[in-house]
Amino acid sequence: MRPTISDVSRLAGVSIKTVSRVLNNEPRVSDATRARVTAAFATLKYRPNMAARTLAGHRSFQIALACDNPSPYYVYEMQSGIRDRCLLDGVRMIAQPYDHDSDRLIDDIESLIDGSGVDGLILTPPATDYPEVLALMARRKVRFVRVSPGTELDLTASVFIDNVGAATVMTRHLLALGHHRIGFITGHASYATSAQRLAGYRAALDEADIAFDSVLVRPGDYDFASGADATEALLALRQPPTAIFASNDDMAAGALSVAHRRGLAVPTALSIAGFGDDAISRFVWPALTTIRQPTRTLGYTAADLLLAAEFAVKRIEVPFELIRRDSTGPLRSAG
């Protein structure tokens, strides 16, 4: 038979009301008690009756992720982090893809709110910074958390990494290896993270008293093909870069493919670095030096903010990490 809330109550040694409070993420439950109830859920493989909870509490016990990102790994990790947090509260996650260039973006998000009755939304770039999306959320009075916003930072709850700082650290790493002509591939212009990472690249050059050269910067679209195209353009320069820093790992993998096609040994003839520590960074050869962006943690933390018993406008920074692998190495001497 399917376990009931009474079964959980008996196993955890608490009242049914306490189990209900844990299910609904209400306050007035100690950490120790919450842990016992959560353990009982796991032992009994208890799954709450969503329909009954909705009728009793006038909540849908569903939250939605509105996500547009050309990297499938980013989307998967974001969804996984949110789902991990939702499981603790018996909440369902709905994933709603959107096209940031679509004229129907606002209609699509509003239809999601109306059609599912979600208790809250998590917004990922670039919709996190669209004024019309923020206006919609304010008008509909729906809880929402933004991932990696670039504007109106104190307006809403949000989670983020220091993209400027991370790109600065990566560029410093390449400079320390002796590279002074460092190509940079930006992300899509609609994403605030693209401008932030470019700012970090420029900041490291300024620290090293190296003049910024716009010729060494090429636009990308956060996908493999645009990374390859940008690398072709960089390597066609009269003075090509000795290192290339791409704003995400998909574009860095595209850069790596061009180097292999041209017969350029990596990192002996060309160093290549990425951003994200996506799965592809470990599967390509040589494995990519990159910035570890803990996307799953960002998703988990966003859901944790959204599901808090008392929702508050908080900004939570998640740390990044420089991951050194074999795709970057010292500048080869001219002799």
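Start with the sheet: select β7, β6, β8 and β9, which line up in that order as an open sheet of 4 strands with parallel pairing. Keep in mind as you click around that this is a predicted model. The edges of the sheet are β7 (217-218) and β9 (271-273), each of which pairs on one side only. In general, strands of a sheet pair through backbone hydrogen bonds, either parallel or antiparallel.

Now zoom in on one edge. Select residues 243-246, which make up β8, and add β9: the two strands run parallel and are joined by 3 bridges. For a single pair to label, pick Phe-245, whose bridge partner in β9 is Ala-273.

**Helices across the sheet**

Bring back β6 (182-185) and β7, then show residues 192-207. That's helix α9, which lies across both strands and runs at about 170 degrees to β6. Next, select residues 224-235 for helix α10. This one lies across β6, β7 and β8, at about 150 degrees to β6.

Leave α10 on screen and add α11, residues 249-262. How far apart are the axes of α10 and α11? They are 7 Å apart, and the two helices pack at an angle of about 50 degrees. An angle between 35 and 65 degrees falls in the oblique range, so α10 and α11 are oblique to each other. If you look at the handedness, α10 passes α11 in a right-handed crossing.

Turn on side chains for this contact. From α10, show Phe-224, Ser-226, Gly-227, Ala-228, Thr-231, Glu-232 and Leu-235. The α11 residues they meet include Asp-250, Met-251, Ala-253, Gly-254, Val-258 and Arg-262. Colour the whole contact by residue class and you get 7 nonpolar, 5 polar and 4 charged residues.

**A stop at Ile-113**

Next, jump to helix α6 (residues 105-116) and select Ile-113, which sits in it. Is Ile-113 buried or exposed? Its relative accessibility is 7%, and the cut-off for buried is under 20%, so Ile-113 counts as buried. To see what surrounds Ile-113, leave out its neighbours within four places in sequence and show its contacts: Val-118, Leu-121, Met-137, Arg-140 and Val-142. For a sense of scale, draw a C-alpha to C-alpha distance from Ile-113 to Met-170: the two are 57 residues apart in sequence and 40 Å apart in space.

**Backbone oddities**

The last stops are for the backbone. Most residues other than glycine have a negative phi, and most peptide bonds are trans. Here are some exceptions to click on.

- Lys-141: find it in the loop between α7 (131-140) and β4 (143-147). Its phi is positive, about 55 degrees, although it is not a glycine. Lys-141 is exposed, with a relative accessible area of 72%.
- Ser-148: go to the loop between β4 and β5 (157-160). Ser-148 also has a positive phi, near 55 degrees, and is not a glycine. With a relative accessibility of 4%, Ser-148 counts as buried.
- Pro-267: look in the loop between α11 and β9. The peptide bond joining Val-266 and Pro-267 is cis, with omega about 10 degrees.
- Pro-286: move to the loop between α12 (279-283) and β10 (290-292). Trp-285 and Pro-286 are joined by a cis peptide bond, with omega about -10 degrees.

Notes
Residues are numbered from 1 along each chain as its sequence is written. This is a predicted model: local features need pLDDT of at least 70, side-chain atom pairs count only at pLDDT 80 or more; totals for chains, interfaces and linings use all residues. Side-chain values use heavy atoms; hydrogens and water are left out. Two strands pair if DSSP finds at least two bridges between them. Contact means heavy atoms within 4.5 Å. Axes are lines fitted to C-alpha atoms, for helices over the stretch in contact, and angles run from 0 to 180 degrees between N-to-C directions. Angles under 35 degrees count as roughly parallel, over 145 as roughly antiparallel, 65 to 115 as roughly perpendicular and the rest as oblique. A crossing is left-handed if the near helix is turned anticlockwise from the far one by less than a right angle, and right-handed if clockwise. Ala, Val, Leu, Ile, Met, Phe, Trp, Tyr, Cys and Pro count as nonpolar, Asp, Glu, Lys and Arg as charged, and the others, Gly among them, as polar. Buried means under 20% relative accessible area, exposed over 50%, partly exposed in between (1.4 Å probe, protein chains only).
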